[in-house]
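Visitor: I have a structure to look at, and I want to know how the labels on it are earned. Take me through the reasoning.

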Protein chains: 2
Amino acid sequence: MVPATSRSRARARPGDGALLRDEILRAATALLDEAGDESALTLRAVAARAGVTTPSVYLHFANKQDLVEAVCLAVWEDLGRRMREAGTGVEDPYQSMRRRGAAFVRFGLEHPVQYRLLMMRPRSAGQTGWTAADACLAYVGEAIQPCLDAGVLVGDPTRLTLQMLAALHGLVALYLAQPDYPWPDDVETMADEVTRMAGLGSALAGRLRGPGPAPSTSAFAAGFDALAERLHPPRHGAAEGGRPSGGGPLP
Amino acid sequence: MVPATSRSRARARPGDGALLRDEILRAATALLDEAGDESALTLRAVAARAGVTTPSVYLHFANKQDLVEAVCLAVWEDLGRRMREAGTGVEDPYQSMRRRGAAFVRFGLEHPVQYRLLMMRPRSAGQTGWTAADACLAYVGEAIQPCLDAGVLVGDPTRLTLQMLAALHGLVALYLAQPDYPWPDDVETMADEVTRMAGLGSALAGRLRGPGPAPSTSAFAAGFDALAERLHPPRHGAAEGGRPSGGGPLP
DNA sequence: CACCTGAGTTGACGTTGTCAAGTTGACAAC
DNA sequence: GTTGTCAACTTGACAACGTCAACTCAGGTG
């Protein structure tokens with residue numbers, strides 16, 4: 001009986017062994033897309049789809065983890081392309097950042113399986129080098145840096161990038177893991193709000209710092225609390241002293 | 001040869017069959033804690049540790065997923081207790097919320113395996129009823145509601161709760177999944193900043209709305225952009241018209 | 001032609017979740 | 001004290017998974 005999933009494949013000519021690598025990658029990607037479930041990504045299923053026996057995968061990938069990583073890398077390259085496209089042609093770096101953020105979230109929601117594999121997988125011990133997740137951090141950083149250069153955002157680039165990525169990732173990850181939560185209809189609008197929220201955070205820190213007591217914990221936090229007090233002074237007589245509702249480190 | 005992991009266990013008396021359920025749960029929890037790796041949570045390992053053969057687990061749990069869910073539920077109850085403890089004794093609901101947020105993040109960082117199982121696991125199809133993740137949403141809501149009652153926060157409770165949880169979860173999830181990112185030393189300080197950022201967001205929306213053009217997309221977003229324009233008006237002559245750096249829906 | 005080397009296969013091992021069928025042991029009734 | 005009976009567990013097995021050592025097979029080279 002011929003294998004049900006695919007016809008057998010002609011052997012490659014010597015020197016063209018790497019052709020199989022591409023076919024395996026395509027088979028794995030298609031399998032993920034169609035099943036919509038990462039548990040369908042089996043070495044046996046991938047090999048059968050590529051028209052090849054299971055151990056042949058090991059000719060091009062050290063193990064399953066390695067194959068998954070390769071699939072993810074390709075997906076992230078797709079994301080990187082989309083984020084760059086979303087940002088190009090927009091002069092204002094703030095607007096460009098908003099669009100990149102929106103592209104990020106949209107991508108995550110449209111490719112839930114790949115996103116989960118990329119960002120929610122336990123990192124294997126001893127894994128080093130350039131990973132897909134590193135690329136992701138870079139994509140966000142590329143959106144942040146022009147804002148810093150133009151003075152639209154102020155703050156530490158690394159910290160700001162991490163905070164922005166955490167905010168975006170939190171929304172996507174929570175939505176994917178808990179779709180039964182009472183989400184609003186317009187999750188993408190919510191994503192835009194999150195992007196602006198994270199970006200505005202640094203602006204507050206930069207503008208509101210000014211002269212005064214040295215920011216004890218972080219200028220970022222101090223800026224928030226200064227604005228928070230200005231916006232909503234405590235109305236209910238709190239039992240504590242002068243700055244009951246303000247900031248400062250948590251005791 | 002006696003099983004290496006545990007001595008065999010005396011059979012329970014009729015009517016006390018549920019005792020084994022507790023022992024299995026304890027064994028699974030201990031296994032997770034000690035190994036620090038969810039791949040160590042095997043039905044065989046759990047059963048051996050409980051001094052029982054593998055299929056006995058199926059007397060009290062429908063399948064492995066069910067067992068994992070039960071373990072998680074216990075862990076979340078622990079988290080709920082901690083969050084409530086962190087919030088009690090603090091009069092100011094804003095400060096109470098900050099402490100709850102800090103407790104949430106600290107818990108996630110201290111129990112990475114359990115957190116991953118709880119919040120980063122693909123939800124099984126057809127899973128319904130009260131899950132651990134639902135409890136988690138409720139814990140955050142319990143911190144938000146007093147702020148709304150006191151007028152410290154303004155906005156839709158559900159949307160605000162989701163946004164707060166997404167911000168907190170984003171930080172924890174990103175840290176756990178990508179520990180090699182250039183994180184600052186004080187992740188917990190960063191968590192506090194995130195909590196205030198998410199909380200402040202709603203305050204901005206509520207205070208800055210006021211009279212003016214009807215908020216087209218969402219009052220939440222409009223508030224941000226009003227403040228954003230006030231704080232950093234566009235300096236570089238953007239090619240567009242009147243409100244180049246402001247908000248509005250993304251075209 | 002013979003030979004070698006790269007490309008892919010065969011067959012197997014250990015481990016996992018899961019299930020049907022069997023066994024054991026404590027209590028109730030006689 | 002013997003006998004049922006039923007809950008509490010065990011035995012033995014299955015299919016599927018990742019992985020590996022050993023084997024086969026075809027294409028190009030001498």
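Visitor: Which pattern does chain A follow, read along the sequence?

Guide: This is a predicted model. Chain A reads α-α-α-α-α-α-α-α-α along its sequence. The tally is 9 helices and 0 strands.

Visitor: How much of chain A counts as buried?

Guide: Of its 251 residues, 42% do. A residue needs 20 or more other C-beta atoms within 10 Å to earn that word.

Visitor: Why is Glu23(A) called partly exposed?

Guide: Count its neighbours. Glu23(A) has 17 C-beta neighbours inside 10 Å. Buried starts at 20, and exposed means 12 or fewer. The value 17 falls in between, so Glu23(A) is partly exposed. Glu23(A) sits in helix α1 (residues 18-35) of chain A.

Visitor: How far apart in space are Glu23(A) and Pro184(A)?

Guide: Their C-alpha atoms are 40 Å apart, with the two positions 161 residues apart in sequence.

Visitor: What makes Arg106(B) partly exposed?

Guide: Arg106(B) has 17 other C-beta atoms within 10 Å. That is neither 20 or more nor 12 or fewer, so the label is partly exposed. Arg106(B) belongs to helix α4 (residues 93-110) of chain B. Its C-alpha atom is 7.1 Å from that of Glu188(B), 82 residues away along the chain.

Visitor: Why are α3(B) and α6(B) called roughly parallel to each other?

Guide: Two numbers describe packed helices: the angle between the axes and the distance between them. Helix α3 (residues 64-87) and helix α6 (residues 132-150) of chain B pack at about 10 degrees, with axes 9 Å apart. Angles under 35 degrees count as roughly parallel. The pair is therefore roughly parallel.

Visitor: Which residues make that contact?

Guide: From α3(B), they include Cys72(B), Leu73(B), Trp76(B) and Met83(B). From α6(B), they include Ala135(B), Cys136(B) and Tyr139(B). The contact residues divide into 9 nonpolar, 2 polar and 1 charged.

Visitor: Which residues come nearest to DNA strand D?

Guide: Leu43(A), Pro55(A), Asn63(A), Gly17(B) and Thr53(B), out of 24 around the strand. To count as near, a residue needs its C-beta atom within 6 Å.

Visitor: Which helix gives the most to that surface?

Guide: Helix α2 (residues 43-49) of chain A, with 3 residues.

Visitor: How do the residues of that surface divide?

Guide: The surface near DNA strand D has 11 nonpolar, 7 polar and 6 charged residues.

Technical notes: Residues are numbered from 1 along each chain as its sequence is written. Chains are lettered from A and ligands numbered from 1 in the order in which they are written. This is a predicted model: local features need pLDDT of at least 70, side-chain atom pairs count only at pLDDT 80 or more; totals for chains, interfaces and linings use all residues. Helices (H or I, at least four residues) and strands (E, at least two) are DSSP runs, numbered from the N terminus. Ala, Val, Leu, Ile, Met, Phe, Trp, Tyr, Cys and Pro count as nonpolar, Asp, Glu, Lys and Arg as charged, and the others, Gly among them, as polar. Axes are lines fitted to C-alpha atoms, for helices over the stretch in contact, and angles run from 0 to 180 degrees between N-to-C directions. Angles under 35 degrees count as roughly parallel, over 145 as roughly antiparallel, 65 to 115 as roughly perpendicular and the rest as oblique. Two residues are in contact if their C-beta atoms, placed from the backbone, lie within 7 Å.
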